[in-house]
Amino acid sequence: MSLLEIVDLDAGYGDLQVLSGVDIHVDDGEYVTIVGPNGAGKSTAMKAIIGIATCLGGSIEYQGTDISGLSPEEAAHNRIGYVPQTNNIFPSLTVEENLRLGAYVLDEMPEDRKREVYDRFPALADRTSENAGSLSGGQQQMLAMGCALMLDPDMLLLDEPSAGLAPDLVDDMFDRVDEINDSGTTILMVEQNAKEALRRCDRGYVLANGQNRYEDAGDALLDNEDVRQEFLGG
Amino acid sequence: MGLLQELIFGLVTGSYIAIAAIGFTLIYGIVNMINFAYGEYLTLGAFIGFLAANALPGPLPVAVIAAMIGGGITSIILARGFFTPINQTGPVPMLLTSIGLGIALRNAIRLVGGRSARYIETETSTFRFDAIPEIPVGSVDLLGGFFITSEHIIVIASAVIVFAAVHLLLTRTDVGIAMRAMGDDESLARVRGIDTQLIRDSVWVLAGVLAGLAGVLMAIQTNVSADTGYSHILQILSAAILGGAGSPYGAIIGAYVIGLVLAVSTAFLPSSMTGLSSAMAFVILIAVLLVKPSGIAGSEVREA
């Protein structure tokens, strides 16, 4: 069944409309990627889900409930894990404090989740009381992911997780996303590394100019001559 | 007077400046405004403490607690009335509003309270240490006998308690960690589900409590008048900037640097130039900012 159902969405920031009539649906357990050129509105689609971008029309249903029009602090209670592309950690807080705030909307600190995050990202476990700003770029990205996982989310939104990572870390990052998906978490990911993302995902969307252009299985999009010519550089 | 005596005075001045500077810098870092009316919060605290000391039969701590509670309530009421409604307009309109609010409050206090200075009666014990040898260098005595009063000890001890309490609040409680998170990145704080208005309100209350305490300590140490807080606002501002605006730990360091520099320059400057000692704090401020624009503990230069 559909975990997330975005229908005919118009969204933007204030008076600036970025998306018009976008449809995206994500099934339970699926791994879905959104690709497209810069300025296509990929990140805006995610930001609409977690309340940063303003919904101007259409609807966003999560687990059968309309969540469009919520403020970010209200949307946080939907417990959708969200990893922004940049500024996704609090640099002057320690690793431990960042994880604690990842679970801020929960009534109590889920100690077992925290242990799982440290198990998944051992580099973080060694540096729990260091300021997050002192971590390397790759470790900061792990911490950002760890914060989102503190909610034990049914769905994880990843905005350009490979951006800013050293090339040898990109594969590792994609592997970790695969792992998280294999453990049952639904993934919706925006990626500029389109080929790799489409290879890994179940299904993909191509957005351009704030509108749906293509939707298909990841491999099918990779094989689609029009998509290759127009969006994947041949 | 010997240098040791001046250092005691410097520690005392640094202590109440530090308490106030923590509140000032938290407002700067989290609400993102320079609150020039903050000196008046101290004055109100001093008056509330003075009234409580006279009206209530209880001992001095009762007056101190009354000033802290009064300061917290005043701060949140003023914030709700004047600053929260214009929160989205940015730092400059909020700064200008605070300057205007400060002038209005100061004159209102003067109208109601009159121009004369008042004193909080306290029983003071003085501890003298006269046996310490003098090391005269020119006109300055580098050691020398000194005294410390029970009031000095109260001020310094209060500051130490405040530092510990603020540190625990900021590192051990959800609301404190949320405050620091908001200082880092307000938009990510909202994504995490932090109610930013609630945190801002908490900061206003905390800053008001600290202002009330600093004000009543100043009142005990010196006197209570309409200018009690205003006469210290530049030192508080300097301590906060010196330490790295937004950092409470930096503000503590900055406050003691300023308190000690004021005291030591009083000792070293010829008696005809002691008027310059208050300027020495700013000389230090300028020197530090030239070397490290983000302040002692600051990590970045914020844009206003």
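The following exercises, each with a worked solution, concern the strands, helices, core and chain contact of a predicted model.

Local features require pLDDT of at least 70 and side-chain atom pairs count only at pLDDT 80 or more, whereas totals for chains, interfaces and linings use all residues. Residues are numbered from 1 along each chain as its sequence is written, with chains lettered from A and ligands numbered from 1 in the order in which they are written.

**Exercise 1. The four-stranded sheet**

Determine the strand order of the open sheet of four strands in chain A, and state which strands form its edges.

Solution. Strands (E, at least two residues) and helices (H or I, at least four) are DSSP runs, numbered from the N terminus. Two strands pair if DSSP finds at least two bridges between them.
- Step 1. The order is S2-S1-S4-S5 (chain A), and the pairing is antiparallel.
- Step 2. Strand S2 (16-27) and strand S5 (65-66) of chain A each pair on one side only, and these are the edge strands.
- Step 3. Strand S1 (residues 2-13) and strand S4 (residues 54-62) of chain A run antiparallel and are joined by seven bridges. Within S4(A), Cys55(A) is the bridge partner of Ala11(A).
- Step 4. Helix H1 (residues 42-49) of chain A lies across S1, S2 and S4 of chain A, at about 75° to S2(A). Axes are lines fitted to C-alpha atoms, for helices over the stretch in contact, and angles run from 0 to 180 degrees between N-to-C directions.

**Exercise 2. Two residues of this sheet**

Establish whether Asp8(A) is buried or exposed, and identify the residues that Gly58(A) touches.

Solution. A residue is buried if 20 or more other C-beta atoms lie within 10 Å of its own, exposed if 12 or fewer, and partly exposed in between, with C-beta atoms placed from the backbone. Two residues are in contact if their C-beta atoms, so placed, lie within 7 Å.
- Step 1. Asp8(A) is found in strand S1 of chain A. Asp8(A) is exposed because 12 other C-beta atoms lie within 10 Å.
- Step 2. Not counting residues up to four places away in sequence, Asp8(A) touches Gly21(A), Asp23(A), Gly57(A) and Gly58(A). The C-alpha atoms of Asp8(A) and Val22(A) are 5.0 Å apart, although the two are 14 residues apart in sequence.
- Step 3. Gly58(A) lies in strand S4 of chain A. Gly58(A) has 18 C-beta neighbours inside 10 Å and therefore counts as partly exposed.
- Step 4. With residues up to four places away in sequence left out, Gly58(A) touches Val7(A), Asp8(A), Leu9(A) and Asp10(A). Gly58(A) and Leu9(A) are 49 residues apart in sequence, yet 4.3 Å apart from C-alpha to C-alpha.

**Exercise 3. The six-stranded sheet**

Describe the open sheet of six strands in chain A and the helices lying across its strands.

Solution.
- Step 1. The order is S6-S7-S8-S3-S9-S10 (chain A), with mixed pairing.
- Step 2. The edge strands are S6 (81-83) and S10 (211-217) of chain A, and the twist averages 15° from one strand to the next.
- Step 3. Strand S7 (residues 155-159) and strand S8 (residues 186-190) of chain A run parallel, joined by five bridges. Met155(A) has Thr186(A) as its bridge partner in S8(A).
- Step 4. H1(A) lies across strand S3 (31-35), S7, S8 and strand S9 (203-208) of chain A, at about 145° to S7(A). Helix H6 (residues 137-149) of chain A lies across S6 and S7 of chain A, at about 165° to S6(A).

**Exercise 4. A helix of chain B**

Compare the span of helix H5 (residues 150-172) of chain B with its expected value, and find its packing partners.

Solution.
- Step 1. The expected span of a helix is 1.5 Å times one less than its number of residues. For the 23 residues of H5(B) this gives 33 Å, and the end C-alpha atoms are 32 Å apart, which agrees.
- Step 2. The buried residues of H5(B) include Ile154(B), Val162(B) and Leu170(B).
- Step 3. The buried residues of H5(B) pack against helix H1 (3-31), helix H6 (174-184), helix H8 (196-221) and helix H10 (248-268) of chain B.

**Exercise 5. The contact between the chains**

State how many residues each chain gives to the contact, and characterise the side of chain A.

Solution.
- Step 1. Chain A contributes 18 residues and chain B 13 residues.
- Step 2. H3(A) gives the most to the side of chain A that touches chain B, with four residues.

Conventions. Ala, Val, Leu, Ile, Met, Phe, Trp, Tyr, Cys and Pro count as nonpolar, Asp, Glu, Lys and Arg as charged, and the others, Gly among them, as polar.
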